[in-house]
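Grab a coffee and work through these short exercises with the structure open beside you. Try each task before reading its solution.

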Amino acid sequence: MSDHTNQSASQTENQQSKPQTVQHSMPSLTHDDIRHFAAPDNCLDGKNILVTGAGDGIGRVAALTYARYGATVLLLGRTSSKLEYVYDEIESFGGKQPAMLPMNLEGATYAEMQKLENLIHREVGQLDGILHNAGMLGALTPLEMYDVDMFAQVMKINFTSTFMLTQALLPLLKDAPHGSIVFTSSSVGTHPRAFWGAYALSKQAVEGMSDIFTQETQNTTNLRFNCVNPGGTRTNMRAHAYPGENPMSLKTPDDIMAGYVCLMSDESIGVRGQVVELQPKD
């Protein structure tokens, strides 16, 4: 196994210059364009992309996919052994050397996230994108019965830490020519449903955060903030939410990667403040 350290990102050179002007001329893609994006080879070459929850599920597949399209991927997750496995997978197919950033988002402080920003700035120099994928389902139960400690835990992982990490890393994202921040939402975030409790409320908050960030930055920066709703996907979280469902009836994370790649590529420069459903219902 390779020597996995946070400093592995030092192999990546800062290949892009800081943005000079705010650009608005790029035409926006439709959601259908994003879902069916035909990614050119190396469309993410030269980009440094941080993926939270990178150890398994959609986060793992997104990290691998970004690496296959030329990005240097910063793997953030709470379980080092899982990050090591993804690290080795990327190296096995000749992807650019990734970086491992072990962090438990539930317990992480803002000061720790600021230290992470300093580390990335020192070792990489620039951050082009974040995929906020880490999440917790919590309980599926009426709000009047919801355990308040679990409620706080779900909100911290799904929303509060997402906000804190975005704010801490914003200086680096502003230094990129076209920084892209992608939040993970859900159908119950757009349309809250009974019994989905803290999970639905946290995703509703994430969509609102993306909207507010968009309004506050769209006229002064080249940043873009968007949400994706992956839809029913063959993951462990989905299996816990729907234990009686046949997982073979669902799409795999690989099947929905076109949208994830599109929103990190320069093809989506004109896309801001959107909630993109990757599996819209007919």
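## Exercises on a predicted model

**Exercise 1. Locate Asn42 and decide whether it is buried, partly exposed or exposed.**

Step one is position: Asn42 sits in the loop that runs between α1 (31–35) and β1. Step two is accessibility. The relative accessibility of Asn42 is 49%. Exposed would need over 50% and buried under 20%, so Asn42 comes out as partly exposed. Step three is the backbone: phi of Asn42 is near 60°, a positive value in a residue other than glycine.

**Exercise 2. Do the accessibility step again for Phe195.**

Start with the place once more: Phe195 is in the loop between α6 (187–190) and α7 (197–217). Its relative accessibility is 52%. The cut-off for exposed is over 50%, so Phe195 counts as exposed. Phe195 is not a glycine, yet its phi is positive, about 80°.

**Exercise 3. Check how far you can trust the model, which is predicted.**

Begin with the average: the protein has a mean pLDDT of 88, and 83% of the residues score at least 70. Then look at the start of the chain. Residues 1–21 have a pLDDT below 50, and this stretch makes 53 contacts in the model beyond near neighbours in sequence.

**Exercise 4. Work out the strand order of the sheet, and say which strands stand at its edges.**

First, count the elements: the protein has nine helices and seven strands. Next, read across the sheet. The seven strands form an open sheet in the order β3-β2-β1-β4-β5-β6-β7, with parallel pairing. Now pick out the ends: β3 (99–102) and β7 (275–277) each have a single partner strand, so one side of each has no neighbour in the sheet. From one strand to the next, the twist averages 20°.

**Exercise 5. Follow β1 through the sheet: how many bridges join it to β2, and which way do its residues point?**

Take the pairing to begin with. β1 (residues 48–52) runs parallel to β2 (residues 72–77), and five bridges join the two. Within β2, Val73 is the bridge partner of Ile49, while Leu75 is the bridge partner of Val51.

Now the side chains. Asn48, Leu50 and Thr52 point one way from β1, and Ile49 and Val51 point the other way. Five of the five residues of β1 are buried, so the strand is largely enclosed by the rest of the structure.

**Exercise 6. Describe what surrounds helix α9.**

Look at the sheet side to begin with. α9 (residues 257–264) packs on the sheet and touches β1, β4 (129–132), β5 (180–184) and β6 (224–229). The direction of α9 makes about 175° with that of β6.

Then go through the helix residue by residue. The buried ones are Met257, Gly259, Tyr260, Val261, Cys262, Leu263 and Met264. That is seven of the eight residues of α9, so the helix is largely enclosed by the rest of the structure. Those buried residues pack against α1, β1, α2 (57–68), β4, β5 and β6.

**Exercise 7. Find out how many disulfides the structure has, and where the nearest cysteine sulfur to Cys262 is.**

Search the whole structure and you get zero disulfides. For Cys262, the nearest cysteine sulfur belongs to Cys43, 8.7 Å away. A disulfide would need the two sulfur atoms within 2.5 Å. As for accessibility, Cys262 has 0% and counts as buried. Cys227 counts as buried too, at 1%.

**Exercise 8. Place Asn133 and list its contacts away from its sequence neighbours.**

Asn133 belongs to the loop between β4 and α5 (148–175). Its relative accessible area is 14%. Anything under 20% is buried, so Asn133 is buried. Setting aside neighbours within four places in sequence, Asn133 touches Thr52, Gly53, Ile58, Gly59 and Thr184.

**Exercise 9. Sum up the whole protein: what percentage of its residues are buried, and how much surface does it expose?**

Buried residues make up 50% of the 282 residues. The protein exposes about 12,900 Å², and carbon and sulfur atoms supply 49% of that area. Last, the contacts: among those between residues at least 6 apart in sequence, 77% join residues at least 24 apart.

Conventions: Residues are numbered from 1 along each chain as its sequence is written. Side-chain values use heavy atoms; hydrogens and water are left out. Two strands pair if DSSP finds at least two bridges between them. Helices (H or I, at least four residues) and strands (E, at least two) are DSSP runs, numbered from the N terminus. Axes are lines fitted to C-alpha atoms, for helices over the stretch in contact, and angles run from 0 to 180 degrees between N-to-C directions. Contact means heavy atoms within 4.5 Å. Buried means under 20% relative accessible area, exposed over 50%, partly exposed in between (1.4 Å probe, protein chains only). pLDDT is the predictor's confidence in each residue, from 0 to 100. Accessible areas come from the Shrake-Rupley method with a 1.4 Å probe; for residues, only the protein chains shown count as cover.
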